[in-house]
Amino acid sequence: MKKTFIIANWKSNETESEAKNWLQAINNSQLAVDEGKKIIVCPPFTLLPKVKEFFVNYQSSIAVGAQDISPFGEGAYTGEVNGREIKEFADYVIVGHSERRINFSESDELVNKKIEQAYLQGIIPIVCVSSLDQVKNLKVDNSKTLIAYEPLFAIGSGTADTPENADKMASDVKNILGEIPILYGGSVTSGNVSSFSKMPNIDGVLIGKASLEPSEFIKLSKNA
Ligand code: PGA
């Protein structure tokens with residue numbers, strides 16, 4: 001049976017008290033995560049220890065991911081958070097999100113450096129791509145990586161890609177990289193999630209906006 005990844009990307013949202021409410025709501029819902037689903041929550045750096053601590057205390061199967069990683073190791077890189085620091089709290093990291101490629105001018109080369117830093121620490125990168133050209137430039141180890149296809153028009157717009165297009169893109173990515181888990185991201189909601197997760201080449205979803213409201217995220221995880 002294929003595994004369905006459900007990844008919550010909080011982006012630059014949530015204070016400590018807001019996150020506490022979110023975690024409590026998820027816990028109260030006793031979100032039953034069956035064997036076939038893997039939920040990963042990616043909070044901002046400031047909340048990584050809190051979120052990790054919460055899931056450990058409640059023996060939750062939900063995993064923690066960071067939203068970025070330094071392209072360098074430890075050292076004099078003001079403002080950066082390196083892989084060794086991240087690994088204390090997270091087993092996954094989002095790399096190359098289009099919001100970083102666009103707003104922070106991240107190149108394919110930089111994305112590859114970040115992927116390398118993640119591998120060095122045994123962190124699984126969730127590598128975001130919006131075109132096949134970006135895919136062709138990736139240097140990834142298929143057994144230690146998740147790819148998220150996120151078309152630019154669909155991110156935060158309320159208009160998702162069609163499941164058929166997303167599945168075709170996932171199949172094209174697999175033709176380039178070989179067998180590797182591919183997620184779809186961009187305006188996924190509790191209402192449309194199953195149309196993506198049921199597609200043969202799609203192994204899960206990356207969720208932005210719909211992950212912020214606990215009741216919507218719970219519904220989405222159940223429907224996936
Ligand atoms: P969205 O964001 O679900 O708000 O469209 C998805 C993403 O950027 O990963």
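These legends describe close-up views of a predicted model.

**View 1. The shell around the ligand.** The ligand is surrounded by 13 residues. Lys 11, His 97, Glu 150, Gly 156 and Ser 187 come nearest. By class, the shell holds four nonpolar, six polar and three charged residues.

**View 2. Backbone atoms facing the ligand oxygens.** Gly 156 places a polar backbone atom 2.7 Å from an oxygen atom of the ligand. For Gly 208, a backbone N or O atom lies 2.9 Å from a ligand oxygen. Lys 209 also has a polar backbone atom 2.9 Å from an oxygen atom of the ligand. On its own, the ligand has 280 Å² of accessible area, and the protein covers 97% of this.

**View 3. The pocket that holds the ligand.** The ligand takes up the space of the second largest pocket. The volume of this pocket is about 310 Å³. Its lining counts 21 residues. Gly 156, Ser 187, Gly 208, Lys 209 and Ala 210 lie nearest the centre. Gly 156 and Ser 187 are also among the residues that come nearest the ligand. The lining divides into seven nonpolar, eleven polar and three charged residues.

**View 4. The largest pocket.** This pocket encloses about 440 Å³ of space. It is lined by 23 residues. Nearest its centre are Phe 45, Gln 67, Asp 68, Arg 100 and Phe 104. Nine lining residues are nonpolar, seven are polar and seven are charged.

**View 5. Helices in the lining of the largest pocket.** Helices α4 (98-103) and α5 (108-120) each supply at least two lining residues. The most comes from α4, which gives three residues.

Technical notes
Residues are numbered from 1 along each chain as its sequence is written. This is a predicted model: local features need pLDDT of at least 70, side-chain atom pairs count only at pLDDT 80 or more; totals for chains, interfaces and linings use all residues. Side-chain values use heavy atoms; hydrogens and water are left out. A residue is near a molecule or strand if one of its heavy atoms lies within 4 Å of it. A polar contact is a pair of N or O atoms within 3.5 Å; within protein, one must be able to donate a hydrogen and the other to accept it, and residues adjacent in sequence count only if both atoms are side-chain atoms. Accessible areas come from the Shrake-Rupley method with a 1.4 Å probe; for residues, only the protein chains shown count as cover. On a 1 Å grid over the protein atoms alone, a cavity is a set of points where a 1.4 Å probe fits but cannot get out, and a pocket is an open set with protein on both sides within 12 Å along at least five of seven lines; lining residues have an atom within 4 Å of a point. A molecule sits in a cavity or pocket if more than half of its atoms lie within 2 Å of its grid points. Ala, Val, Leu, Ile, Met, Phe, Trp, Tyr, Cys and Pro count as nonpolar, Asp, Glu, Lys and Arg as charged, and the others, Gly among them, as polar. Grid points are joined across faces, edges and corners, and a volume is the space filled by probe spheres set on the points. Helices (H or I, at least four residues) and strands (E, at least two) are DSSP runs, numbered from the N terminus.
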